[in-house]
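Here are some comments for a colleague who has the coordinates open and would like a few local features set out in words. They are given as numbered points, each of which can be checked on its own.

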Amino acid sequence: MDNVNATFDDSHTCMTSTTAHRVAAFENRRRRACRLAGMVVLAVWLHVSAWAAEPLTLAVSRGPVSLTVWVAETNGYFEREGLIVRVRDCTSGRSCVEMLDAGADLATAAELVVTLGSFSRADLAIIATISASSHQIKLIARRSAGVTAPSQLRGKRIGTVSGTSAEFFLDSWLLFHGLSADDISLVALGPDQLAGALARGEVDAIAIWEPHAATALKSLGTDGLSMPNPRVYTQFFSLVTTRGAIAKRSDEMQRLLRALLRSQQFIADEPSRAREILVNRLGMEPGSADAQFREHDFRIRLDQALIGAMGRQARWAVREGHVKPEGKMPNPLNLVEPSLLRQGAPGAITLVR
């Protein structure tokens with residue numbers, strides 16, 4: 001009898017163990033199914049949200065300065081935030097900002113565009129900088145024009161885009177080398193005209209941003225020379241919008257900034273893949289893309305140094321006659337709106353108010 005009972009107990013234990021195993025297995029399958037269903041629901045929600053949302057239009061300048069935007073677009077970071085972002089190309093930051101009056105919600109531009117714009121309008125605002133570089137703008141010269149050293153630019157014709165960060169860089173560069181705008185003959189041209197004018201001998205040198213500088217240098221071959229490029233000006237390429245757009249679409253702009261913060265991390269973690277995106281977007285040679293990639297800091301931020309640069313630019317713009325001040329000079333702090341970036345990356349803001 002004891003043997004029978006022992007056999008029964010063993011059988012019962014085995015059955016209980018088997019049943020428990022089956023219950024556990026079922027519970028695991030149920031949990032996996034729930035997780036899968038949750039992921040499907042989330043994916044559908046994001047898709048439907050993006051589909052239903054009104055697109056954000058972003059005017060983007062073609063150059064390495066815009067890499068964070070292209071990474072977000074390529075890697076689907078905008079969609080992950082439930083956004084549809086329409087990217088529109090433009091040839092310069094100034095033309096990008098002009099698109100704000102033609103339906104764009106945001107634009108990428110050097111901070112100088114906002115500085116100059118503040119003299120005639122009070123609604124422009126920088127919500128973040130997306131790249132910073134002391135070497136984004138370069139001075140390219142022709143050896144055949146007798147230019148191989150900074151001092152030899154005296155009396156020469158230098159082409160640039162008037163009223164832009166390129167002209168501000170040129171003014172700072174000349175001052176650093178003991179020259180001034182009065183020592184040269186300034187030739188105002190469009191960004192797409194400069195490389196050709198230099199190659200044809202219509203100007204002796206040009207001051208222009210990338211990738212136009214690289215194009216000009218390549219077209220000249222051995223006759224081309226990139227002049228010494230000291231840190232006379234750090235350009236803060238910025239995400240610009242209007243106060244009205246912020247009031248209407250602040251939530252979407254916060255999500256766009258989150259997507260760009262993902263891009264920042266991707267660029268830091270996967271530099272080779274990020275450079276591939278730069279090559280594909282600009283049709284650049286890998287070597288050139290690598291060089292320009294190293295010249296930029298792609299952190300999303302709002303630095304106090306931005307405010308200092310804009311203050312110097314405002315005084316320069318008045319001195320050079322690019323603007324006519326009416327009353328007080330604009331306060332650069334009023335041209336920056338940190339509240340959106342503060343939601344996702346408070347440590348990226350070092351503004352002093």
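Is F298 buried or exposed? With a relative accessible area of 7%, F298 is buried; this value, like the others below, comes from a predicted model.

1. F298 has an aromatic partner in F293, and the two rings form a tilted pair, with 5.7 Å from centre to centre and 40° between the planes. F293 also counts as buried, at 10% relative accessibility. The ring of F293 has a further neighbour in R275, whose charged end sits over that ring at 5.1 Å from its centre.

2. The structure holds 3 aromatic pairs. One of them joins F168 and W316, whose ring centres are 5.2 Å apart and whose planes stand at 75°, so that this pair is edge-to-face. Because F168 belongs to helix α6 (residues 165-176) and W316 to helix α12 (residues 304-319), the pair ties together parts that are 148 residues apart in sequence.

3. Both partners of this edge-to-face pair can be described by their accessibility as well: F168 is buried, with a relative accessible area of 8%, and W316 is buried at 1%. Ring pairs also bring in Y233, which is linked with F168 and W316 into a cluster.

4. A polar site worth inspecting is D105, which lies in the loop between α4 (93-98) and β3 (106-110) and is buried, with a relative accessible area of 13%. A polar atom of the D105 side chain lies 2.8 Å from the backbone nitrogen of T57, and the side chain of D105 makes a polar contact, at 3.4 Å, with the side chain of R249.

5. The wider surroundings of D105, leaving aside its neighbours within four places in sequence, include P55, L56 and L100, together with V240, T241, A245 and M253. T57 and R249 are also among the residues in contact with D105.

6. For the helix packing, α9 (residues 243-269) and α10 (residues 271-282) meet at an angle of about 115°, and their axes are 5 Å apart. That angle makes α9 roughly perpendicular to α10. On the α9 side the residues involved are F266, I267, A268 and D269, and these meet P271, R273, A274 and I277 in α10.

Note on methods
Residues numbered from 1 in each chain as written. Predicted model: local features only at pLDDT ≥ 70, side-chain atom pairs only at ≥ 80, totals over all residues. Heavy atoms only, no water. Phe/Tyr/Trp six-rings, centres within 6.5 Å; stacked < 30°, edge-to-face > 60°. Helix = DSSP H or I, 4+ residues; strand = E, 2+ residues; numbered from the N terminus. Buried < 20%, exposed > 50% of the residue type's maximum accessible area, 1.4 Å probe, protein only. Lys NZ or Arg CZ within 6 Å of the ring centre and 35° of its normal. Polar contact = N/O pair within 3.5 Å; in protein donor to acceptor, adjacent residues only side chain to side chain. Contact = heavy atoms within 4.5 Å. Axes fitted to C-alpha atoms, helices over the stretch in contact; angles between N-to-C directions. Parallel < 35°, antiparallel > 145°, perpendicular 65-115°, else oblique.
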